[in-house]
Amino acid sequence: MTRVLLYTGKGGVGKTTSAAGTATLAALRGLRTLVLSTDASHSLSDAFDSEVGQEPTEIDDLLFVQQIDAQRRFERSWGDIQAYLRSVLHMVGVDPIEAEELTVLPGAEEVLALLEVRDHVRSGRWDVIVVDCAPTAETLRLLALPDALNWYMERIFNAERKVMRTFRPFLSRSSSIPMPDDTVFDALRRLQSDLADIRALLAGPDASVRLVLTPEAVVVAEARRSLTRLSLYGYRVDGVVANRVFPAAGADTWRRQWVAAQRGILEEVADSFRPLPIWESPYRVCEPVGVEELAAFAVEMYGGDDPFARATEETSLWVDRHIDTDGRTYTLTMPLPLASASELELARHGDELIITVGSYRRVLPLPAALARGVVAGARLDDGRLQVRFSPREVARPLPIETASELAQGLTAEYNAQQEPREAAIGESR
């Protein structure tokens, strides 16, 4: 299977250089490699100092670079839906230019660019695909979109389509607003299928995310939040690149102060992201540009590590839901690294557990065994969220299901229970 590596981080930390260097190293090791970007700024051509086209362009042995035409992908997947929405806005008097802007799905171009990654994986042509993602905030919105649209499609799409089939003739005669036809619904269904493919690919065992940072307090704080949120959506993080680290050798007084300050932050990085590897890249005299410089950058950064090995549970952080049972009580365990109780909220809605971390939310469908019960307690312990479910007839439901209050309400009885047997239930879609 094709190994897929995604690089993201705060803008300006060197994620494009890290992605390009990694791809160059893969090609030097004999792996047929493609590196592409979902970032609208498209800096890969600058990193390689080479013209890059909309199709994979070979710039060195086994090394191909592609600048995705996100607009083309967007029109192909969203065009029919957008055309219908524009027609509705036109009928209610919205200016055509404003209608064009209002019908652009935020982040759609970037997420649909990942369809290109899916197609390349399916082709079987590549050993390694390296993706230079947009800055962290855009990447998180991008990776959350498949879950969000799937929720909408499952709850609203099917019912709405049945209603439209029944009442479209009547509605068309009684209203001047055009009713969506099967072309629009089919386009929505295709989009849902495409996003489900992306979700399955990026959350699968052959794909992982790498966070790129510089040893600065603000940057590291964002990287910590990114790890938690990526884990919330079920994406595997298997390494951290610490870029622009001042070398200690030969440092003058001014640089020694920087070395000391960065070393303190790097110790925090090691503590925060353990057990992930931290690959350090020294501050270079000039920016690495071109194949030779990028290769040297990657060799120095990774040292003797194999950056293309598949990540395992021991070498990565990701969401792996487990259900433990002691007979009648079940406990759902879900890693949320670096999350704190103050920013975490839980809510139960039907057969779903709604997990909110800060401003990010995920709706987690519950297995039948848990859906039949009620939440009886929860706690956040060492980066792992544990939610306890009891049968309805014996459960003691809590009035407000927030993580902090649930943690306080967890009794000593829970802690005294025997360590239950774990059974992996897989990642929900």
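Which residues does Ser 281 touch, not counting those up to four places away in sequence? I started my notebook with that one. The list I got is Ala 242, Asn 243, Arg 244, Val 245, Phe 297 and Met 301. Ser 281 itself is part of strand S8. I looked up its accessibility too: the relative accessible area is 0%, so Ser 281 counts as buried.

**Confidence check**

Note to self: this is a predicted model. I looked up the chain average for pLDDT and found 76, with 66% of the residues scoring at least 70. Residues 170-174 stay under 50, and for them the model has three contacts beyond four places in sequence. I also flagged residues 397-429, where the pLDDT is below 50. That stretch nevertheless has 64 contacts in the model beyond near neighbours in sequence.

**Overall inventory**

I counted up the elements next: the chain holds 13 helices and 16 strands. Of its 429 residues, 51% count as buried. I then checked contacts between residues at least 6 apart in sequence, and 72% of them join residues at least 24 apart.

**The eight-stranded sheet**

I traced an open sheet of eight strands in the order S3-S4-S2-S5-S1-S6-S7-S8, and its pairing is mixed. S3 (57-60) and S8 (278-282) are the edge strands, each pairing on one side only. My Ser 281 from the opening entry therefore sits in an edge strand, as S8 is where it is found and pairing there is on one side only. On average, neighbouring strands are turned by 25 degrees against each other, direction ignored.

I went through some of the pairings one by one:

- S1 (residues 3-9) pairs with S5 (residues 128-132) in the parallel sense, over five bridges. Arg 3 stands opposite Val 128 of S5.
- S2 (residues 33-37) pairs with S4 in the parallel sense, also over five bridges. Here I found Ser 37 opposite Gln 67 of S4.
- S3 and S4 run antiparallel and are joined by three bridges. Asp 60 has Leu 63 in S4 as its bridge partner.

I looked closer at the S3 and S4 hairpin. Two residues lie between the strands, and Leu 62 takes a positive phi near 65 degrees.

How much of S4 is buried? I got four of its five residues, so S4 is largely enclosed by the rest of the structure.

**Helices over the strands**

H8 (residues 217-232) lies across S6 (207-213) and S7 (237-245), and it runs at about 165 degrees to S6. H10 (residues 291-302) lies across S1, S3, S4 (63-67), S6, S7 and S8. Its angle to S8 is about 130 degrees. I noted that two of the Ser 281 contacts, Phe 297 and Met 301, turn up again below on the H10 side of a helix pair.

**Helix against helix**

I pulled two pairs. Two packed helices are described by the angle between their axes and the distance between the axes.

For H8 and H9 (residues 253-273), I read an angle of about 5 degrees and axes 11 Å apart. That makes H8 roughly parallel to H9. On the H8 side I listed Ala 217, Val 220, Ala 223, Arg 224 and Leu 227; they meet Ile 265, Glu 268, Val 269, Ser 272 and Phe 273 in H9.

For H1 (residues 15-28) and H10, the angle is about 90 degrees, with the axes 8 Å apart. H1 is thus roughly perpendicular to H10. H1 makes this contact through residues including Thr 17, Ala 20, Gly 21, Thr 24, Leu 25 and Leu 28. H10 contributes, among others, Val 291, Leu 294, Phe 297, Ala 298, Met 301 and Tyr 302.

**Nonpolar core**

Which residues have the most contacts inside the largest nonpolar core? I found Val 117, Val 131, Leu 213, Phe 273, Leu 336 and Ile 355, in a core of 91 residues. Phe 273 was already in my notes from the contact of H9 with H8.

I followed up Val 117. Leaving aside neighbours within four places in sequence, it is in contact with Val 4, Leu 36, Ile 129, Val 131 and Leu 201. Val 131 is on that list and also among the core residues I had just written down.

**A loop residue**

Last lookup: Ala 341, in the loop between S10 (330-335) and S11 (344-349). Buried, partly exposed or exposed? Its relative accessibility is 33%, so Ala 341 counts as partly exposed. I also checked it against Leu 385: the two are 44 residues apart in sequence and 9.6 Å apart in space, C-alpha to C-alpha.

Terms used:
Residues are numbered from 1 along each chain as its sequence is written. This is a predicted model: local features need pLDDT of at least 70, side-chain atom pairs count only at pLDDT 80 or more; totals for chains, interfaces and linings use all residues. Side-chain values use heavy atoms; hydrogens and water are left out. Two strands pair if DSSP finds at least two bridges between them. Axes are lines fitted to C-alpha atoms, for helices over the stretch in contact, and angles run from 0 to 180 degrees between N-to-C directions. Contact means heavy atoms within 4.5 Å. pLDDT is the predictor's confidence in each residue, from 0 to 100. A nonpolar core is a set of buried Ala, Val, Leu, Ile, Met, Phe, Trp, Tyr and Cys residues joined through side-chain atoms within 4.5 Å. Buried means under 20% relative accessible area, exposed over 50%, partly exposed in between (1.4 Å probe, protein chains only). Angles under 35 degrees count as roughly parallel, over 145 as roughly antiparallel, 65 to 115 as roughly perpendicular and the rest as oblique.
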